[in-house]
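Grab a coffee and work through these short exercises with the model open beside you. Try each task on your own before you read the solution.

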Amino acid sequence: AVAAAGVAWRPTPRLSIGVGGFLLFGQFNARLALSACDGFLCSFPEDPSYDAVAQLSLSVLTPFATFGLTLDFDSVRIGVSAASPFRLSGQADLTLRPPTAPAYADAVVVNRRPGCPADDATASCRRDTVGQARLQFPWILRLGVELRPLAALRVELAAVYETWSMQRAVTVTPTDMWIEGALGGGLDYQIGEIEIPRNMQDTWSVRLGGEYRWAPVRVRLGVAYESDAFDDAWRSTLTIDSDKVLAAAGAGVALGAGIELDATFGFIWYVTRNVADGRATQTTAVRPPASEAAPVAIGNGRYEARAPFLGLGLRGRFD
């Protein structure tokens, strides 16, 4: 959920300036499979019975802000805006299910403070099951030009730039978490930092839309193109993205007393990607580290996506 407050000022009839403050709050949850195949207990790192499954839950409370201005020249309006970046980070609850392979049949997950022996179960040697999580979100910059060639017609061309290259990785750092008692009690493994490489790239988009009004109805059409946020080398199923084309149509109906009902329907097409040399690899976090064998690529394959969308809105204006 997002709570927002904004203020706008019109110092001259042709210039409007606005600022907004936002507070994003909620819960970020993720489920990760971590290979615990160390090259000693197993030799096939893609064996799912050697996956430890981590469940992450992070309470989110983070602010961000927007700024914008509009220049109004009657038949032409120009608008620009910027939304600040923000980070989801903080102390997260982290639970881990040991692998189901026979070698881990008697293993348990514990949180041991540094310097404490493995068999010390006193409160002074055990931690809560927590970790630190970090995920970065981008700047969003927008520019739009609206033309009004007729009293009933508006046409807008817009461009958007988003600095997704800020998101290099999803990082989770467990606090002294161990898998103890593997191989009948003879082996312990510490769960080290969990890093999922993202290596995203900045995106840009162009958008063209128009609206025509037959009172009390407004009819709208629009198309857009947006670039891919990932290079094929770092593509994975964690986020499905590609170059994409969007088309949409909508209408608004005035219901009287300043109330207007809006509806829109559209479709988005993603360019199909075939990845053969991906660098996204299987996540492992056991210490001592896993085998020195070549990392297992998990991003290769064919990526296809199509998506319809529907929107409804209700607007009230009281002059």
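**Exercise 1. Which residues are in contact with Leu-88, leaving aside its neighbours within four places in sequence?**

Solution. Keep in mind that this is a predicted model.
- Step 1: Pick Leu-88 and skip its neighbours within four places in sequence; the contacts then are Leu-24, Phe-28, Leu-58, Val-60, Thr-62, Ala-133, Arg-134, Leu-135 and Phe-137.
- Step 2: Put Leu-88 in its setting. The largest nonpolar core has 42 residues, and Leu-88 is among those with the most contacts inside it, along with Tyr-50, Leu-96, Tyr-104 and Ile-191.
- Step 3: See which elements build that core. Two or more residues each come from β2 (15–35), β3 (51–72), β5 (86–97), β7 (130–137), β10 (169–174), β11 (177–181), β12 (187–191) and β13 (194–197). β3 gives the largest share, 6 residues.
- Step 4: Set this against the general trend: in soluble globular proteins, nonpolar side chains tend to be buried together.

**Exercise 2. Find Tyr-50 and decide: buried or exposed?**

Solution.
- Step 1: Look in the loop between β2 and β3, where Tyr-50 sits.
- Step 2: Check the accessibility. Tyr-50 counts as buried because its relative accessibility is 10%, and the cut-off for buried is under 20%.
- Step 3: List what surrounds Tyr-50. Beyond its neighbours within four places in sequence, its contacts include Leu-34, Cys-37, Leu-41, Cys-42, Pro-99 and Tyr-104.
- Step 4: Try a distance too. Tyr-50 and Val-109 are 59 residues apart in sequence, and their C-alpha atoms are 15 Å apart in space.

**Exercise 3. Which strands pair with β11, and in what sense?**

Solution.
- Step 1: Start with β6 (residues 108–111), which pairs with β11 in the antiparallel sense over 4 bridges. Here Asn-111 stands opposite Met-177 of β11.
- Step 2: Move on to β12. β11 and β12 also pair in the antiparallel sense, over 4 bridges, and Met-177 has Ile-191 as its bridge partner in β12.
- Step 3: Ask how covered β11 is: 5 of its 5 residues are buried.

**Exercise 4. What does Asp-228 have around it, and why does it count as buried?**

Solution.
- Step 1: Go to the loop between β15 (217–226) and β16 (244–256), where Asp-228 is found.
- Step 2: Asp-228 is buried because its relative accessible area is 6%.
- Step 3: Read off its contacts, leaving aside neighbours within four places in sequence: Gln-201, Asp-202, Thr-203, Arg-235, Asp-241, Ser-242, Asp-243 and Arg-273.

**Exercise 5. Hunt for backbone oddities in the loops.**

Solution.
- Step 1: Recall the usual picture: most residues other than glycine have a negative phi, and most peptide bonds are trans.
- Step 2: Check Asp-74, in the loop between β3 and β4 (76–83). Its phi is positive, near 65 degrees, and Asp-74 counts as exposed because its relative accessibility is 51%.
- Step 3: Check Ala-257, in the loop between β16 and β17 (259–270). Ala-257 has a positive phi of about 60 degrees and is exposed, with a relative accessible area of 69%.
- Step 4: Finish with Pro-216, in the loop between β14 (203–214) and β15. The peptide bond from Ala-215 to Pro-216 is cis, with omega near 5 degrees.

**Exercise 6. Which residues form a nonpolar patch on the surface?**

Solution.
- Step 1: Select Trp-139, Leu-141, Tyr-161, Met-166, Trp-204 and Val-206; together they have about 530 Å² of accessible area.
- Step 2: Take Leu-141, in strand β8 (residues 140–150). Leu-141 counts as partly exposed because its relative accessibility is 36%.

Conventions. Residues numbered from 1 in each chain as written. Predicted model: local features only at pLDDT ≥ 70, side-chain atom pairs only at ≥ 80, totals over all residues. Heavy atoms only, no water. Patch = residues over 30% accessible without salt bridge, like charges linked within 9 Å, V, L, I, M, F, W, Y side chains within 5 Å. Areas by Shrake-Rupley, 256 points an atom, 1.4 Å probe, with all protein chains shown as cover. Salt bridge = Lys/Arg side-chain N within 4 Å of Asp/Glu carboxyl O. Buried < 20%, exposed > 50% of the residue type's maximum accessible area, 1.4 Å probe, protein only. Core = buried A, V, L, I, M, F, W, Y, C linked by side-chain atoms within 4.5 Å. Contact = heavy atoms within 4.5 Å. Pairing = 2+ DSSP bridges.
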